[in-house]
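Here is a small set of exercises for you to work through with the viewer open. Each task comes with a solution that goes step by step, so try your own hand before reading on.

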Amino acid sequence: MSDTESLFEGAGDLFQEPEDYYQPPPSAHFAAYERKDKSKTPSSIQLRLVGSSPLWGHLLWNAGIFTADYLDAHSGELVEGKDVLELGAAAALPSLIAGYNGARTVIATDYPDADLIGNIQHNVDEALSNMTTSKERVHVEGYIWGNDYEPLLQKIRDGAENKDKKFDLIILSDLVFNHSEHHKLLKTSKDLLSRDGKCLVVFSPHRPWLLQDDLQFFETAKEYNLKPEKIDMVVWRPMFPDEDESTAEVRSRVYSFFLTHDDTSETNN
C-alpha cells in the first residue's frame with residue numbers, strides 16, 4: 001500500500017465540499033432616506049443597496065446622509081443650475097438630491113463594476129421616475145479616478161456656450177479612507193473643477209487609528225493648489241455600534257470640508 005493510500009484510507013471523500021459550501025451572494029436590500037426639509041418633495045427616498053461589495057457600496061453611510069442634508073440646505077448656492085459630479089457614488093443619494101434640487105447636469109460615477117453601476121441606474125430610474133426633466137439630467141457612468149475625462153466633460157459641454165466648461169460641484173462622500181488613491185482623487189478633482197467651483201468632501205474615520213492618514217488628504221490637496229476649508233464636524237451614531245466601544249466617539253464623527261482652487265498659490269507657482 002502506498003503512502004498516499006495510507007494517508008487517505010478511511011478519510012471518505014476528502015475533497016467533497018459540504019452541501020452548504022457555496023453560499024449565494026447576499027441579496028440587495030433597501031434603505032430609506034428622510035429629508036430634513038419637509039417642504040421638499042419627495043420627503044422620503046427609497047434606495048436599493050447592493051447585497052455586498054468590496055468597494056463598500058452596500059451601505060448607506062453617515063457621510064452620504066450628511067452630504068444629502070447639506071445639499072438640501074444649501075441647494076440655492078451649490079446645486080440649482082449647476083453641473084455636478086459625484087465620485088464613488090455607491091447608492092448615489094447625493095446625486096439624487098442634486099437632481100431633485102434643479103442641477104443642470106448630474107453625473108453619478110463609481111468603479112465600473114456591473115453590479116454597482118446597475119444599482120445606481122436602478123436608483124436613478126426609480127427615484128426620478130415621475131420627474132422627467134430631472135431624470136434627463138442625471139447620468140450614471142462607470143469611472144476610474146484619473147482616467148480620461150472626456151466622457152464626463154462631454155455630458156456638460158453638449159449645448160453649453162462655454163466649450164471648456166467644467167464642474168461647478170464635485171462630491172466626494174466617504175472616499176478619503178482610500179489612502180493610496182488620494183493623489184488620483186485630488187488630480188481628478190482639480191482637473192475637473194471649474195475655476196469658481198467647489199469640492200464637497202465628507203467622511204467619517206471608520207478606522208480611528210488612521211484618522212491622521214484620512215486628514216492628510218487635505219494637506220496633500222495643497223500640493224494640487226486646492227485650498228481646504230473646514231465646514232463642520234458633527235457627532236452622530238456610529239455606523240457599527242457593536243465595534244470597540246473605546247473608539248465609538250471617533251467613529252461617530254462626520255467631517256466636512258470644501259476644496260476650492262487656490263488662485264494665490266497658483267500665482268506664486
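The exercises below deal with ring pairs, salt bridges, a helix and annotated positions in a predicted model.

**Exercise 1. Classify the ring pair W61 and F240, and state which parts of the chain it ties together.**

Step 1. Start with the distance: the two ring centres are 5.9 Å apart, and the cut-off for a pair is 6.5 Å.

Step 2. Now take the angle. The planes of W61 and F240 stand at 75°, and planes over 60 degrees apart count as edge-to-face. The pair is therefore edge-to-face.

Step 3. Place both residues. W61 sits in the loop between β2 (44-49) and α2 (62-73), while F240 belongs to the loop between β8 (226-235) and α10 (248-251), so the contact ties together parts that are 179 residues apart in sequence.

Step 4. Check the accessibility of each partner. W61 is buried at a relative accessible area of 11%, whereas F240, at 28%, is partly exposed.

**Exercise 2. Do the same for Y70 and F258, then look for a charge over the face of F258.**

Step 1. The ring centres of Y70 and F258 are 6.1 Å apart and the planes meet at 70°, so this pair is edge-to-face.

Step 2. Y70 is in helix α2 and F258 in strand β9 (residues 253-261), so the pair ties together parts 188 residues apart in sequence. Y70 and F258 are both buried.

Step 3. Turn to the face of F258: K198 lies over it, at 4.4 Å from the ring centre.

Step 4. Put the pairs in context. The structure holds eight aromatic pairs, and ring pairs also link F203, F217, F218, Y255 and F257 into a cluster.

**Exercise 3. Examine three salt bridges: R35 with D72, K165 with D83, and E243 with R251.**

Step 1. Recall the idea: side chains of opposite charge can pair when their charged atoms come close. Across the whole structure, a search finds 15 salt bridges.

Step 2. R35 and D72 meet at 2.7 Å, N to O. R35 lies in the loop between β1 (29-34) and β2, and D72 in helix α2, so this bridge ties together parts 37 residues apart in sequence. Both R35 and D72 are buried.

Step 3. For K165 and D83 the N to O distance is 3.0 Å. K165 is in the loop between α7 (150-157) and β6 (167-173), and D83 is in strand β3 (residues 83-87), 82 residues away in sequence. K165 and D83 are buried too.

Step 4. E243 and R251 form a salt bridge at 3.9 Å, N to O, against a cut-off of 4 Å. E243 is partly exposed at 41% relative accessibility, but R251 is buried at 3%.

Step 5. Finally, follow shared partners: salt bridges join D83, R104, K165 and D168 into one network.

**Exercise 4. Which residues of helix α9 are buried, and which elements do they pack against?**

Step 1. Helix α9 covers residues 211-221, and its buried residues are L211, D214, F217, F218, T220 and A221.

Step 2. These buried residues pack against β6, α8 (182-192), β7 (193-203), β8, α10 and β9.

Step 3. Move on to the loop between α9 and β8, where N225 is placed. N225 is buried, with a relative accessible area of 10%. In space, N225 and T264 are 8.7 Å apart, C-alpha to C-alpha, though 39 residues separate them in sequence.

**Exercise 5. Describe the surroundings of S173, one of the positions in the UniProt "binding site" feature.**

Step 1. Read the record: the unreviewed UniProt entry places "binding site" at W61, G88, A89, A90, D110, W145 and S173.

Step 2. S173 is in strand β6, and a relative accessible area of 10% makes S173 buried.

Step 3. List the contacts, leaving out residues up to four places away in sequence: S173 touches A63, G64, T67, G88 and V202. Among them, G88 is also named in the UniProt feature.

Step 4. Look at the polar atoms: the backbone oxygen of A63 lies 3.5 Å from a polar atom of the S173 side chain.

Conventions
Residues are numbered from 1 along each chain as its sequence is written. This is a predicted model: local features need pLDDT of at least 70, side-chain atom pairs count only at pLDDT 80 or more; totals for chains, interfaces and linings use all residues. Side-chain values use heavy atoms; hydrogens and water are left out. Rings of Phe, Tyr and Trp (its six-membered ring) pair if their centres lie within 6.5 Å; planes under 30 degrees apart count as stacked, over 60 as edge-to-face and the rest as tilted. Helices (H or I, at least four residues) and strands (E, at least two) are DSSP runs, numbered from the N terminus. Buried means under 20% relative accessible area, exposed over 50%, partly exposed in between (1.4 Å probe, protein chains only). A charge sits over a ring if NZ of Lys or CZ of Arg is within 6 Å of the ring centre and within 35 degrees of the ring normal. A salt bridge is a side-chain nitrogen of Lys or Arg within 4 Å of a carboxyl oxygen of Asp or Glu. Contact means heavy atoms within 4.5 Å. UniProt positions are given in the numbering used here, feature names are shortened, and annotations may be inferred rather than shown by experiment. A polar contact is a pair of N or O atoms within 3.5 Å; within protein, one must be able to donate a hydrogen and the other to accept it, and residues adjacent in sequence count only if both atoms are side-chain atoms.
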